[in-house]
Amino acid sequence: MSNSGADQEGSPSKSTAKQSVQKTEKIDSRKSPAGSAKKFAVSIRKPSGPPRVATGLSDLHGNAVTVACSTCHTTRPPNPLNKTAQDLDEFHNGMPFSHGTVSCLSCHNDQDYDALKLADGRRVEFTEVMTLCAQCHGPQMTAYEHGAHGGMTGFWDRNRGPQSKNNCIDCHDPHAPQFPKMKPTFKPQDRFLDQPRTEH
């Protein structure tokens with residue numbers, strides 16, 4: 001890292017842009033009704049880490065220069081009163097912010113801006129952002145766990161194939177999460193594998 005705290009990386013757009021993701025797999029080893037030992041895996045997309053903020057500068061090779069959140073946020077005291085887009089000055093002015101009555105520091109860790117924090121003050125990594133979302137959005141997390149929220153590709157019946165699920169921030173901007181109502185367009189694969197029954 002240079003003296004300015006800037007790193008040279010790919011070409012991210014801005015701090016609210018979606019980060020590249022990595023997949024983690026969870027395997028349910030309970031016995032299925034068919035008697036098989038294991039079900040297929042569920043992979044859930046995760047952010048690769050804390051977001052990077054584009055500075056608008058380029059390095060000698062033409063790559064965008066980005067900085068960690070802590071690069072700037074350690075230069076000034078945190079302001080717990082920032083609750084609206086109009087309260088944001090300098091770095092984040094113009095960023096959409098509409099997330100109920102929470103302040104920035106309800107989720108951002110004022111002791112380490114490269115991490116988030118839970119309501120009880122515990123630190124949580126950006127890669128585990130769904131843990132943070134779930135503490136306030138319990139009904140949505142329950143629906144997500146049962147496949148009714150969040151977007152899934154693959155198989156409902158994990159005895160037949162794997163599932164791949166989105167992360168909360170794949171669809172929702174965490175600073176303005178309200179999402180317009182929509183009709184599902186991607187149907188699960190296994191619903192249409194069997195031939196339709198003709199007898200009644």
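Which residues does phenylalanine 40 touch, not counting those up to four places away in sequence? Select Phe40 and find out: Arg158, Asn159, Arg160, Gly161 and Pro162, where contact means heavy atoms within 4.5 Å.

Before going further, a word on what is on screen. This is a predicted model, in which local features need pLDDT of at least 70 and side-chain atom pairs count only at pLDDT 80 or more, while totals for chains, interfaces and linings use all residues. Residues are numbered from 1 along each chain as its sequence is written, and side-chain values use heavy atoms, with hydrogens and water left out.

**Stop 1: the whole chain**

Switch to cartoon view. You should find four helices and nine strands in the protein chain; helices (H or I, at least four residues) and strands (E, at least two) are DSSP runs, numbered from the N terminus. Walking along the sequence, the pattern goes β-β-β-β-β-α-β-β-α-α-β-β-α. Of the 200 residues in the protein chain, 30% are buried. Buried means under 20% relative accessible area, exposed means over 50%, and partly exposed is in between (1.4 Å probe, protein chains only). Take the contacts between residues at least 6 apart in sequence: 51% of them join residues at least 24 apart.

**Stop 2: back to Phe40**

Phe40 sits in the loop between strand E2 (21-26) and strand E3 (42-47). Its relative accessibility is 38%, so phenylalanine 40 counts as partly exposed. Now add glutamine 163 to the selection: Phe40 and glutamine 163 are 123 residues apart in sequence, yet 7.6 Å apart in space, C-alpha to C-alpha.

**Stop 3: the E4-E5 hairpin**

Next, select residues 52-58 (strand E4) and 64-68 (strand E5), which run antiparallel and are joined by four bridges. Two strands pair if DSSP finds at least two bridges between them. To trace the pairing, show valine 53 and its bridge partner in E5, valine 67. Then show serine 58, which stands opposite alanine 64 of E5. Five residues lie between E4 and E5 in this hairpin, and glycine 62 in the turn has a positive phi of about 85°.

Stay on E5 and colour by accessibility: five of its five residues are buried. In a regular strand the side chains alternate between the two faces of the sheet. Here Ala64, Thr66 and Ala68 are on one side of E5, Val65 and Val67 are on the other, and all are buried.

**Stop 4: serine 70 and the cysteines**

Move on to helix H1, where you will find serine 70. Serine 70 has a relative accessible area of 18%, so it is buried. Beyond residues up to four places away in sequence, serine 70 touches Tyr113 and Asp114.

How many disulfides does the structure hold? Zero, counting a disulfide as a pair of cysteine sulfur atoms within 2.5 Å. Cysteine 69 is in no disulfide, and the nearest cysteine sulfur, on cysteine 72, is 8.8 Å away. Cysteine 69 counts as buried because its relative accessibility is 14%. Cysteine 104 is in no disulfide either, with the nearest cysteine sulfur, on cysteine 107, 9.0 Å away.

**Stop 5: the loop between H1 and E6**

Select serine 103, in the loop between helix H1 (69-73) and strand E6 (116-117). Is serine 103 buried or exposed? Buried, because its relative accessibility is 10%. Leaving aside neighbours within four places in sequence, serine 103 is in contact with Pro80, Asn82, Lys83 and Phe97.

Follow that contact to asparagine 82, which is placed in the loop between H1 and E6. Asparagine 82 counts as buried, at 15% relative accessibility. Serine 103 and asparagine 82 are 21 residues apart in sequence and 5.7 Å apart in space, C-alpha to C-alpha. Not counting residues up to four places away in sequence, asparagine 82 touches Asp87, Leu88, Ser103 and Cys104.

**Stop 6: H2 against H3**

Last, select residues 129-136 (helix H2) and 138-145 (helix H3). These helices pack at an angle of about 125°, with their axes 5 Å apart. Axes are lines fitted to C-alpha atoms, for helices over the stretch in contact, and angles run from 0 to 180 degrees between N-to-C directions. H2 is therefore oblique to H3: angles under 35 degrees count as roughly parallel, over 145 as roughly antiparallel, 65 to 115 as roughly perpendicular and the rest as oblique. Show the side chains of Met130, Ala134 and Cys136 from H2, and of Gly138, Met141 and Tyr144 from H3, which make the contact.
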